[in-house]
Amino acid sequence: MTDPTPPPGAAAAPTTPAASGRQQHMSRHGIGTRPGGGRVTRVWQRLVRRTHDIPPAPAPGAVTLRARGVTISRGGRPVLDGVDLDVVAGQILALVGPNGAGKSTLLAALAGELHPASGTVELDGHRLTHWTHTDMARRRAVLPQSHSVGFPFTAREVVTMGRAPWARTPRQDADDTAITAAMAATDVTHLADRPFPALSGGERARVALARVLAQDTATMMLDEPTAALDLGHQEQVLHLARRRAHAGAAVVVVLHDLGVAAAYADRVAVLAEGRLLAAGPPRAVLTTGLLTDVYRHPVEVLDHPVTGTQLVLPVRH
């Protein structure tokens, strides 16, 4: 998550031992502190001293993230091998492939969380090293696979962290509206005062997604956002992603369900053993031959007899 900032009008935390630990954690990350006094953290001081531009919205079809020749190795073995890929405003790009294909590694490289051994990643036309953490957090929001926090923040406090990049800018005036809207969109409003660690896996996933929505960036990066969700909430998440793309955002999402990728993605990138095998519209990329080879299991691709929707199914005997 990005370095969080205080929600407007945040009250002082109670002085119980648990609250004291939480207050120390919040202070360390700049939450619930204001300039002045002995509690001003180094993070907050850096934020105060710097000024950061508010990025303009990208034009439809503009490339917000560009990977060229990206190679990442672990233990001397390449887990990504020379990947070229564009993430485009107004589109959903789905990253698919079998376990160990390099999908999450590629997403982490695009997010700037992993540094390529070779190749480059550009965000809004500049290499990632050009941007500060705050600049990057104003341009892309990242939903990781795992959702955990070190102290018992409430669900609303976790969502509030998504507004941190907009501190001391005119956009902070929209904090309450953005937080409330994001929680409503992900069906977690009723969880607002619940401690985040006490939530179920699916509830934590939806609160974490609300944080990403509240961050309100032009590029949204989601790593298996439907993994812990029931069927209804899976569809809800993909509808949210589609609405963001239709509103002009670039969305890149790691998915295991090929049928979901076919239904919601504008473009699909198929990875296997760290290499990008194909990228393009679902009907051009999700073919019987390619998927059977990639997954090493017979796959059938057909159209739904009523809706015409592309279906991707394993062949079962």
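This report describes a six-stranded sheet, the helices packed on it and a cavity in a predicted model.

## The sheet

The sheet is open and contains six strands, arranged in the order β6-β7-β8-β3-β9-β10 with mixed pairing. Its edges are formed by β6 (140–143) and β10 (275–280), each of which pairs on one side only. On average, neighbouring strands are turned by 15° against each other, direction ignored.

Within the sheet, strand β3 (residues 92–96) runs parallel to strand β8 (residues 250–254), and four bridges join the two. One residue of this pairing is Leu95, whose bridge partner in β8 is Val254.

## Helices on the sheet

Helix α7 (residues 201–215) packs on the sheet and touches β6 and β7 (219–223). The direction of α7 makes about 180° with that of β6.

Helix α11 (residues 288–295) also packs on the sheet, where it touches β3, β9 (267–272) and β10. The direction of α11 makes about 35° with that of β9.

## Cavities

Two cavities of 30 Å³ or more are found in a search of the whole structure. The second largest holds about 30 Å³ of space.

The lining of the second largest cavity consists of Leu143, Ala205, Arg206, Leu209, Pro225, Leu229 and Val237. Helix α7 supplies the largest share of this lining, with three residues. By class, six of the lining residues are nonpolar, none is polar and one is charged. Helix α7 thus appears in two settings: in contact with β6 and β7, and in the lining of the second largest cavity.

Technical notes. Residues numbered from 1 in each chain as written. Predicted model: local features only at pLDDT ≥ 70, side-chain atom pairs only at ≥ 80, totals over all residues. Heavy atoms only, no water. Pairing = 2+ DSSP bridges. Axes fitted to C-alpha atoms, helices over the stretch in contact; angles between N-to-C directions. Contact = heavy atoms within 4.5 Å. 1 Å grid on protein atoms, 1.4 Å probe; cavity = no way out; pocket = protein on both sides within 12 Å on 5 of 7 lines; lining within 4 Å. Points joined across faces, edges and corners; volume = space filled by probe spheres on them. Nonpolar A, V, L, I, M, F, W, Y, C, P; charged D, E, K, R; others polar.
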